[in-house]
Amino acid sequence: MADKVAAIPGSSATTLLFRPNERILCFHGPLLYEAKVVKAEMWDGTDPDAPDPGPHYFVHYKGWKQTWDEWVDESRALKFNDENLARQKALKQAALQASKKKSIVVASKHTPTTPTQRVDSENELQRSRKRARESSVEKAREEREDLTSLAAAQAFMSTAKGPDVKIPIPNALKAQLVDDWERITKDKLLVSLPRKPTVAEMLEQYKEYRHSSKDRRRPSRRDDEVVDEIIEGLKMYFDKALGNVLLYRFERYQYQQIRERFPDKAPSDIYGAEHLLRLFVQMPNLIAHTNMDDDAVQLLRENLGEILKYMHRFMKALFAEEYDNASPAYVAIAKAA
């Protein structure tokens, strides 16, 4: 892209602290993780997809799937040395201590003072440990199911031979995917349904946007036909994939409820951008199962990329700022399902 300057040895861009293939430590949330620099670039801030000027690095986290690869600014990257490894360890220990602190404070309030209390306390401790083990097993099972609901099909399909398609997802939308995952699987929240706009409405708005946009040539009739076909195909994929690979475990009971409320409506007329974005993560592997030739794949990739840019540009209008709290009854049913 014109506004990004790659780091070239001997040029002014060598002010970048890190180089491609360099081993680094990188912040992801409050913790540090080992990563490798894949690309190093100096951004000037004129590109809407890369608005923050300054040094940026495309990193791959060691042991993580490539879907977590991302651009980070220099404030999140550290040299891989003994001093920063010690900092990594200290941050991890601090996080563990913080998670234990609350339980220690609660336990100290119930210290037994008599022999009878001590016996009762020991019995309760035994029961608590059993519940904790059962809860831990259940939580681990839920998290595995949440991750595999989106990733297992992707990992399985990645072995299929077909066109190799990479659809670039803007960093802000990657962050949206992470926030969406945490809200549902960790915070036990739900996207309010039906959404406004729905997937179908959003895609119609995108078509109107293509015609009204001043920074691109007016689409030809053939262009319109191609876009119409791609959008219809995208809606079809969404309607077929939603119940199979796009939902987290905690959302499945909501899906059952919503299908009962709206039996005659397609999912694309109920769900919104939050779930459509998950489909884009799956699209490369879905395309790998087709017999599309290289030209068709490239055309599809370009158009999907344009839709993602549109979603990025209008994030505030398309994505829900707040999710709904699930009722205790819903949580109980969702866990039992």
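This is a short talk on how a few helices pack in one structure. Keep in mind that the model is predicted.

Let's start with helix α7, residues 273-287. Its first partner here is helix α8, residues 294-313. The two axes lie 12 Å apart. The packing angle is about 160°. That makes α7 roughly antiparallel to α8, because an angle over 145 degrees counts as such. The crossing of α7 past α8 is left-handed.

Who makes the contact? From α7, we have A273, L276, L277, F280, M283 and I287. From α8, we have V297, L300, L304, I307, L308 and M311. How do these residues divide into nonpolar, polar and charged? Twelve are nonpolar, with no polar and no charged residues in the contact.

Now stay with α7 and turn to helix α3, residues 171-186. The axes of α3 and α7 come within 10 Å. They cross at roughly 115°. This crossing is left-handed. On the α3 side, the contact residues are L173, Q176, L177, D180 and I184. On the α7 side, they are E274, L277, R278 and V281. The make-up of this contact is five nonpolar, one polar and three charged. Note L277. That residue is listed in the contact with α8, and L277 also meets α3.

Next, helix α10, residues 328-336. Which of its residues are buried? Y330, V331 and A334. Look down the axis of α10, and these buried residues fall within an arc of 100°, so they line one face of the helix. The face turned away from that buried side carries P328 and A336, both exposed. What do the buried residues of α10 pack against? Strand β7, at 189-190, and helix α6, at 252-261.

That brings me to one residue in α6, Q254. Is Q254 buried or exposed? Its relative accessibility is 9%, and buried means under 20%, so Q254 counts as buried. Its contacts, leaving out residues up to four places away in sequence, are L190, V191, L193 and Y330. Take two of those. Y330 is one of the buried residues of α10. L190 falls in the β7 range, 189-190. So on screen, put Q254 in the centre and look for L190 and Y330 beside it, because both touch this buried glutamine.

To recap. The α7 contact with α8 holds twelve nonpolar residues. The α3 contact with α7 includes three charged ones. And α10 has its buried residues on one face, with P328 and A336 exposed on the face turned away.

Methods. Residues are numbered from 1 along each chain as its sequence is written. This is a predicted model: local features need pLDDT of at least 70, side-chain atom pairs count only at pLDDT 80 or more; totals for chains, interfaces and linings use all residues. Side-chain values use heavy atoms; hydrogens and water are left out. Axes are lines fitted to C-alpha atoms, for helices over the stretch in contact, and angles run from 0 to 180 degrees between N-to-C directions. Helices (H or I, at least four residues) and strands (E, at least two) are DSSP runs, numbered from the N terminus. Angles under 35 degrees count as roughly parallel, over 145 as roughly antiparallel, 65 to 115 as roughly perpendicular and the rest as oblique. A crossing is left-handed if the near helix is turned anticlockwise from the far one by less than a right angle, and right-handed if clockwise. Contact means heavy atoms within 4.5 Å. Ala, Val, Leu, Ile, Met, Phe, Trp, Tyr, Cys and Pro count as nonpolar, Asp, Glu, Lys and Arg as charged, and the others, Gly among them, as polar. Buried means under 20% relative accessible area, exposed over 50%, partly exposed in between (1.4 Å probe, protein chains only). The arc is that of the directions from the helix axis to the C-beta atoms.
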